[in-house]
Amino acid sequence: MTSPSNYITSSLVLVLFFTTLLGFGSSATHNRNNNNHDFLECLTVQLQSSNSATDAIYSPSNATYASLLLTQNLRPGSTTPNKPLLIFTPFYDHEIRAAIHCSKKLGLQIRVRSGGHDYEGLSSTSRNNPFVVVDLRNLRTVTISTDEKTAWVQVGATLGQLYHTLAQKSRTLAFTAGVCPTVGVGGHFSGGGYGMMSRKHAIAADNVVDAKVMNADGKIFDRRSMGEDLFWAIRGGGGTSFGIVLAFKVNLVTVPETVTVFNVTRTSEQNATQLVHRWQYIADKVDDNLLLRLFLRSVTSPVTGNRTVIASFTTLYLGGVRDLLPLMKEQFPELGLVEKDCTEMSWIESILFFAGLQNQPLDILLNRTTPSTVFFKGKSDYVTQPIPVDGLQGIWRFLHEEAENRAELQFSPYGGVLSSFSESETPFPHRSGNIFMIHYGVAWDSQGNQEAEKHVNWMRRLYGYMATYVSKSPRAAYFNYRDLDLGINNSGNTSYAQASVWGLKYFKNNFKRLVRVKTKVDPTNFFRNEQSVPSLYSS
């Protein structure tokens with residue numbers, strides 16, 4: 001039996017424990033409120049001193065805050081406890097400089113966002129530290145020079161806006177970048193920028209010829225003043241590790257007035273497995289004007305009622321159907337392509353086609369948000385040797401585990417002009433020797449950790465299965481398909497050894513040079529996140 005004195009002592013300990021616990025909670029809330037108030041006050045003073053409006057600052061109590069925070073992928077926001085103290089949507093360079101000043105003064109991180117498509121939400125969430133978001137959506141001017149065949153594009157513009165602006169100027173001037181029109185230019189260009197013309201015209205970063213970057217002191221540099229090391233780093237190494245990229249100047253590409261598209265589907269019962277296997281031997285070797293992209297999903301067969309894999313050969317050819325058909329007959333006759341499978345159109349119409357926006361008005365490309373948002377997990381791999389038939393069949397078994405159309409693999413072909421660049425020409429190292437890149441994706445609608453764990457664990461098991469069939473030493477990954485499973489930085493400073501666990505996968509040996517550039521241009525590691533390039537001085 002417990003004595004009265006022991007009972008009183010135990011009760012007192014419990015009271016002290018819970019009092020302390022509650023104190024920590026109230027202290028954290030108090031600190032957050034103080035941080036919020038201090039940053040708001042600092043930023044307001046800075047903006048007023050330059051005669052700038054203060055109505056571009058949004059706190060959690062503002063009705064617009066939630067809609068600004070919304071991203072295409074709901075998963076990171078649902079699993080990360082910290083939300084931004086404030087969201088700031090500047091219109092001018094000096095307003096961004098004010099945010100940097102207040103961030104440094106108060107010791108708060110800033111996260112820079114252009115489109116909000118980061119796979120792990122690093123532009124709008126943080127695992128540990130209090131932070132504010134600088135959302136660059138209002139810096140979205142696109143200036144085209146048809147004579148020079150160049151464009152200055154502010155990073156808050158979307159790919160859709162860039163494509164739309166090009167279409168207003170010319171039928172034959174285009175740009176090589178991704179298919180999703182709501183993706184922001186800032187993250188896409190600085191991380192690489194693969195698209196349907198990449199075998200002919202390379203990736204977006206390969207076509208960047210100048211840029212404007214603000215450093216941690218608020219100074220703005222162009223290519224000449226920043227130097228070639230920093231200019232090299234922001235073309236494939238991600239921009240947010242080194243500063244705030246404000247705009248890119250790009251070379252535009254010339255396309256025919258008529259291009260040809262097709263989307264031919266085959267199920268397992270229609271020889272899909274053998275076609276996918278054969279595709280691997282030709283996808284990187286076909287004519288440079290031809291890009292045969294492959295999408296793989298599991299559906300219910302209308303014939304058998306059982307689950308079957310459906311392979312969609314989604315293709316752009318920079319030319320007319322009369323030139324395409326003999327090419328396909330020579331290089332991929334197994335697909336059995338015929339003229340009625342193909343549609344001739346303009347390049348800008350092909351943008352709508354690949355975005356699933358056929359028959360929509362061109363102005364739909366100006367929308368910044370997608371019609372629906374989901375919980376999503378993505379990963380990537382590179383394939384240098386064809387996956388054997390039994391390896392493909394193992395993938396099919398994984399796809400059948402998930403609900404219909406909820407999991408998808410994309411096989412994106414390389415070769416063509418991509419192989420003409422050396423691995424070190426830009427930080428994007430995925431060049432000669434790669435047949436194709438794999439994008440793994442799984443989506444779900446229900447909130448909750450249990451649901452998320454089920455799908456994420458499925459993805460990780462599939463990724464583990466694929467280790468035999470993909471690149472090794474390192475197992476390469478595409479930076480724009482960011483994946484925190486590869487490794488994560490400390491909440492403060494991170495050593496080169498720790499960061500190289502993920503850095504070598506994205507950048508191979510270029511990671512060493514990226515770290516040297518970071519150390520030079522941002523020695524105090526002001527610009528940082530869970531997968532930012534570390535500074536050696538702050539390690």
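Axes here are lines fitted to C-alpha atoms, for helices over the stretch in contact, and angles run from 0 to 180 degrees between N-to-C directions. The structure is a predicted model.

**Exercise 1. Helices α15 and α16**

Task: Find how the axes of α15 and α16 are placed, classify the angle, and list the residues in contact.

Solution.

Step 1. Helix α15 covers residues 496–507 and helix α16 covers residues 510–521. Their axes come within 8 Å and cross at roughly 125 degrees.

Step 2. Angles under 35 degrees count as roughly parallel, over 145 as roughly antiparallel, 65 to 115 as roughly perpendicular and the rest as oblique. The crossing angle therefore makes α15 oblique to α16.

Step 3. The hand of the α15 and α16 crossing is right-handed.

Step 4. On the α15 side the contact is made by Y496, A499, S500, W502, G503, L504 and F507, and on the α16 side by N510, F511, K512, L514 and V515. Sorted by class, these residues of α15 and α16 are eight nonpolar, three polar and one charged.

**Exercise 2. Helices α5 and α12**

Task: Describe the packing of α5 against α12 by angle, distance and hand, then sort the contact residues by class.

Solution.

Step 1. Helix α5 spans residues 159–169, and helix α12 spans residues 347–354. The two pack at an angle of about 155 degrees, and their axes are 10 Å apart.

Step 2. An angle over 145 degrees counts as roughly antiparallel, so α5 and α12 are roughly antiparallel to each other.

Step 3. α5 and α12 cross with a left-handed sense.

Step 4. From α5, the residues Y163, H164, L166 and A167 take part; from α12, W347, I348 and I351 do. The contact of α5 with α12 contains six nonpolar residues, one polar and no charged.

**Exercise 3. Helices α10 and α13**

Task: Repeat the analysis for α10 and α13.

Solution.

Step 1. Helix α10 (residues 272–282) packs on helix α13 (residues 389–401) at an angle of about 125 degrees, with the axes 10 Å apart.

Step 2. This angle makes α10 oblique to α13.

Step 3. For α10 and α13 the crossing is right-handed.

Step 4. T273, V276, H277 and Q280 of α10 meet V389, L392, Q393 and W396 of α13. The classes in the contact of α10 with α13 are four nonpolar, four polar and no charged residues.

**Exercise 4. Cysteines**

Task: Locate any disulfide in the structure, give its hand, and state whether C180 and C342 are buried or partly exposed.

Solution.

Step 1. Searching the whole structure gives one disulfide. C42 and C102 form this bond, with their sulfur atoms 2.2 Å apart; the cut-off for a disulfide is 2.5 Å.

Step 2. The partners are 60 residues apart and link distant parts of the chain: C42 lies in helix α1 (residues 4–49) and C102 in helix α4 (residues 93–106).

Step 3. The torsion about the S-S bond of C42 and C102 is about -90 degrees, so the disulfide is left-handed.

Step 4. C42 and C102 are both buried. C342, at a relative accessible area of 12%, is buried, whereas C180, at 24%, is partly exposed. The limit for buried is under 20% relative accessible area.

**Exercise 5. Backbone features in loops**

Task: Place A202, N359 and P474 in their loops, and give the backbone feature of each.

Solution.

Step 1. A202 is not a glycine, yet its phi is positive, about 70 degrees. The residue sits in the loop between α7 (198–201) and β8 (208–214). With a relative accessible area of 2%, A202 is buried.

Step 2. N359, also a residue other than glycine, has a positive phi near 65 degrees. The loop holding N359 runs between α12 and β16 (375–383). N359 counts as exposed, at 82% relative accessibility.

Step 3. The peptide bond joining S473 and P474 is cis, with omega about 0 degrees. P474 lies in the loop between α14 (449–465) and α15.

**Exercise 6. A467**

Task: State where A467 lies, how accessible A467 is, and which residues A467 contacts.

Solution.

Step 1. A467 is in the loop between α14 and α15.

Step 2. The relative accessible area of A467 is 30%, which means partly exposed.

Step 3. Apart from neighbours within four places in sequence, A467 is in contact with K472 and R475.

Step 4. T71 is 396 residues from A467 along the chain, and their C-alpha atoms are separated by 31 Å.

Methods:
Residues are numbered from 1 along each chain as its sequence is written. This is a predicted model: local features need pLDDT of at least 70, side-chain atom pairs count only at pLDDT 80 or more; totals for chains, interfaces and linings use all residues. Side-chain values use heavy atoms; hydrogens and water are left out. Helices (H or I, at least four residues) and strands (E, at least two) are DSSP runs, numbered from the N terminus. Buried means under 20% relative accessible area, exposed over 50%, partly exposed in between (1.4 Å probe, protein chains only). A crossing is left-handed if the near helix is turned anticlockwise from the far one by less than a right angle, and right-handed if clockwise. Contact means heavy atoms within 4.5 Å. Ala, Val, Leu, Ile, Met, Phe, Trp, Tyr, Cys and Pro count as nonpolar, Asp, Glu, Lys and Arg as charged, and the others, Gly among them, as polar.
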